[in-house]
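Got your viewer open? Let's take a walk through this structure, one selection at a time.

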Amino acid sequence: MVDLENNSQETIREDEKRSLCCKIKCATPFCRMDMFSIIKQSIYAEDNNPITRYFQIGRQVGSCGPEMIWKIYEAIRISDQREASVFLFEKKIADKLHKPRRKETVSEILRKEVQHLERIKHPRILNIIHPLEECGNSLAFASEPIFASLANCLGTHDRLPVPVIQELKDYKFIFYEIQCGILQITEALSYLHSTEQLVHRNVCPQSIVITTRGTWKLTGLGFSEKIREGKESTACHPWSTKFPKMAQPDLNYIAPEIQTCKTCSYFSDMFSLGILICTIYTDGNAVIDAGYNGQQYLKQLDQLTQRFGDIAHQMPLLLVEPVEKMINKDIRYRPTAQLFSLIKFFNEPVVSTLQLLDTLEQKDPFLRAEVHCQLAQVLPDIPKKILYRNVFPILCLECSMADSVTSALIPFIAMIDHASKEEYCGHILTVFRDVINMPKPVQATVNILNRLDIILNKSPIEEVRSEIIPLVFNCLESTSIQAQEAALNAIGMVKEYLDDSFMKMLVLPRAKALFHKATNVRVKINALSCIDHVLDSLDKMTILDEVLPLLTESQCQDASIVITIVGIYKHLLSDRKFGLTHNLIATKVMPPLIPQTVNPGLTMEQFGALMEVLREMLEQIDRERRNKMKQESASPPLTQRGSLNMQNGKSKDDKSASLGKSFLSVDGAIPSGIQKSRTGSSQLPLPPTINIQVPSVPSSPNLSGKLLDEKQMSVSDTSDQQRKFSLIPPVGATPGISLIADESPCSDRPRRPSTQSLGQYSFPVSWFYDARRGSYESSRHSSDKSRRPSTHSVGILPISMFGEGGQKERKPSTHSLGIMPIGGIDDDQFFIDCRHRRPSAGPFITPEFDRRGSKNSLFGMGDAMKGGQRRASFQALGESVMQFFSSK
């Protein structure tokens, strides 16, 4: 409370004090207390300022005015609890003037000041919210909340309580504060000069107050002079020692023409403003310090140019030249207030935006929205001090009004984005909680949800669960499409704060319902995106029962919806836990997706995304099917081309009987070389079985074991199976060479004139054995079997007959023309030995007795068989064999 009680007690007359003291001495202690309360009430009733009826007065925060005679107190208006400041002038301050007329002069000047302030309404001039109240010992009025005067901030603490408030004591200006403050005072002078035709005459730190929002306001209009219309100046009184200092302007800021010519003009205020700027940049040290002496003022005025040169380096470069012109003695060099406000020093986005914020209450909603958008852009460049002191209170006020909250939330959320968690929780959270819970337009809610990621990064978990999540689900139930769309987008952001059961029971049904009933494409897309976000929180059965039918049964042809569905499928393909098997892909997923490949609405990028997912699905089907077939299949692997399956003469089962088999037995035993067989050989159609009987021959050192007395070959005829991997022609084609016992060398059947085969010419087996030399010559065994129509083989003759001796171990040859391993033929004996030979990998085996033959020679017989030169042509095969047999 103000010291009004003490002030009133000091004015009590001495005689009243004596009488009261006597009564108090005679009274009892209890009566004495009642007496003091009665005295106190009577003092307040007579001498207490009436402004205390309207405001609750708090601590003193500053002082201003001539000689700092105005005391500034914190206050709250009782009617609406609005913050305010009370300016109080105690008349006892003027008691030292001794002359009653001088005391009254001071009061007159202060009354004039308040009258001007009540009449003039401008955002750069102090706003009065309660008129002047006067009592016997004080003058008081109320204004908007004030932090302190500029003089207090620059270090002048006159008439302030001791100790000085620490916040005021340590106060330091930053660049933007000074920049904006100077511009605000310039705008105030511009308004006084151009609209009110007033000369302030006392522009100094004591006449400028700073609001709690950081705005500089011009006051101290008690010395102002009006210039008549058509005039450029007016007469005024210079500073004089004949008048009290508190009844005159500050001598250090008076323009030279006032002191020397007793006239003032608008340019006089510009001189005072120039001196004020110099004082600000020298931390409160005035460039002119006259010490309330007119003669000293004139002397320092002559040194002003030199003094300014000493402090110019402390000022911004863009401000030096204009200020130098402003403090020139010649008024013709001084700029006007309007011209000064246009210099480059003030041409910055932050400054212009802050200026617009101070006048925001006077603008219509459309202009307010423009200012809010501009503020959101420059917000990162605004210092924290100005942001929380100047900007934040204005944004809080804008967000509390329904007609401006929608646009005000844009810079408000941008401010949250640039705030630390401590700043958010300490300054912004309380206001933002009120904004969330207050009734507001749908678009305001949409603005919050669209920037929800910023809010979630700064908000505590309990705040998210108590305020943010209910807001999201309320919007899901809204009838506004915009609110639903924003809420669906927000689900992906708040899902980490929700349990899986919550996502399954509440989020998924709402998203599906919105997708089905929405007619707007954007809402459908956002519903699908919401489903995509909740997939990780769903179990396999929920996805297969709830999500997959929604995707497969969707009939939407819009390209954006199709691509959103494709994105969900890609998410499902990324992990097996979602249960999207290859069976579901082939039967449910791909059928509705494939027609979308010809959707004319797809762009190149969208088509590429669709095809990529389809290829991934096909690859998964291919991979899964192959793995499954490998596990379930019991059949042997496919046989290599040209392989033979040599087994025993008797089939083990029906399946093996269908395969082509050839074997050669000696005395009923199967040679070890023939027992080896390749599994998985292809089923080959073979010619009928041909039996070759060979008489016994004398033992030979070249044979290890019994001589071959009977040669039997069985070939199964499987004409119903397709021939693969063999050079043997199918049954029914042109017959080839066959060996028939007891058959005439000259057959009655005509011989085919082809050089690619031996034609129909048949050889009896008896030709090949001579009894005198132990070789085959006369054995005849007829056979009615038709010859095989192969053009690439000699028949079923053992090709080893064409070699030398046949005991040499031969390598498998891909040039073998027969289907039986054949030993060799020489002049002394004919024998077949299959024990030392490896099964041929091809249908024919080439003997190794001569490897120097031409690569075009199929048998490689050459000089080993005949002294003459072989014909290097595969087409002459038949003729070569005929010549060989004829020579025998």
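Before we click anything, one bit of vocabulary: two strands count as paired if DSSP finds at least two bridges between them. With that in hand, select Glu90, which stands opposite Ser138 in strand S5. Keep in mind as you look around that this is a predicted model.

**Stop 1: the whole thing**

Zoom out and show the cartoon. The protein's secondary structure comes to 32 helices and 16 strands. It has 888 residues, and 51% of them count as buried. Now think about which parts of the chain meet: among contacts between residues at least 6 apart in sequence, 67% join residues at least 24 apart.

**Stop 2: strands S2, S3 and S5**

Select residues 83-90, which make up strand S3. Is this strand mostly covered or mostly open? Mostly covered: seven of its eight residues are buried.

Now add residues 70-77, strand S2, which pairs with S3 in the antiparallel sense over six bridges. To see one pair, show Ile72 and its bridge partner in S3, Phe87. Follow the chain from S2 to S3 and you trace a hairpin with five residues in between. In that turn, pick Gln81, which has a positive phi of about 60°.

Next, select residues 138-143, strand S5, which also pairs with S3: antiparallel, over six bridges. The Glu90 and Ser138 you met at the start belong to this pairing. A general note while you're here: strands of a sheet pair through backbone hydrogen bonds, either parallel or antiparallel.

**Stop 3: an open sheet of three strands**

Select S6, S8 and S9. They form an open sheet in the order S6-S8-S9, with antiparallel pairing. Strand S6 (146-149) and strand S9 (216-218) stand at the edges with a single partner strand each, so one side of each has no neighbour in the sheet. Look along the sheet, too: neighbouring strands are turned by 35° against each other on average, direction ignored.

Zoom in on S8 (residues 208-211) and S9, which pair over three bridges. Show Ile208 and you'll find Leu218 of S9 opposite.

**Stop 4: His200**

Step back along the chain to His200, in the loop between strand S7 (198-199) and S8. Buried or exposed? His200 counts as buried, because its relative accessibility is 0%. Its side chain reaches the backbone nitrogen of Val203 at 3.4 Å. Leaving aside neighbours within four places in sequence, the contacts of His200 include Leu189, Leu192, Phe223 and Asp269. Leu218, from the last stop, is on that contact list as well.

**Stop 5: some unusual backbone**

Most residues other than glycine have a negative phi, and most peptide bonds are trans. Let's find some exceptions. Select Val162 and Pro163: the peptide bond joining them is cis, with omega near 0°. Pro163 sits in the loop between helix H5 (150-153) and helix H6 (166-169).

Arg159 is found in the loop between H5 and H6 too, and its phi is positive, near 60°. Its relative accessible area is 28%, so Arg159 is partly exposed.

Now jump to Lys262, in the loop between helix H8 (256-261) and strand S12 (263-265). Lys262 also has a positive phi near 60°. At 49% relative accessibility, Lys262 counts as partly exposed.

**Stop 6: Phe308**

Select helix H11 (residues 304-311) and pick out Phe308. With a relative accessible area of 5%, Phe308 is buried. What does Phe308 touch? Not counting residues up to four places away in sequence, the answer is Cys278, Val287, Met315, Val320, Val323, Glu324 and Ile327. Try a distance for Ile327: 19 residues along the chain from Phe308, with 9.1 Å between the C-alpha atoms.

**Stop 7: a bent helix and its cysteines**

Last one: select helix H16, residues 384-399. The helix bends by about 40° at Val391, and a proline, Pro393, follows within four residues. H16 is mostly covered, with twelve of its 16 residues buried; among them are Ile386, Tyr388, Phe392 and Cys396.

Find Cys399, which counts as buried at 1% relative accessibility. Why isn't the sulfur of Cys399 in a bond with that of Cys396? The sulfur of Cys396 is the closest cysteine sulfur, but at 6.8 Å it is too far for a bond. In fact, a search of the whole structure finds zero disulfides. For contrast, finish on Cys425, which is partly exposed at 37%.

Conventions
Residues are numbered from 1 along each chain as its sequence is written. This is a predicted model: local features need pLDDT of at least 70, side-chain atom pairs count only at pLDDT 80 or more; totals for chains, interfaces and linings use all residues. Side-chain values use heavy atoms; hydrogens and water are left out. Helices (H or I, at least four residues) and strands (E, at least two) are DSSP runs, numbered from the N terminus. Axes are lines fitted to C-alpha atoms, for helices over the stretch in contact, and angles run from 0 to 180 degrees between N-to-C directions. Buried means under 20% relative accessible area, exposed over 50%, partly exposed in between (1.4 Å probe, protein chains only). The bend at a residue is the angle between axes fitted to the seven residues ending there and the seven starting there. A disulfide is a pair of cysteine sulfur atoms within 2.5 Å. A polar contact is a pair of N or O atoms within 3.5 Å; within protein, one must be able to donate a hydrogen and the other to accept it, and residues adjacent in sequence count only if both atoms are side-chain atoms. Contact means heavy atoms within 4.5 Å.
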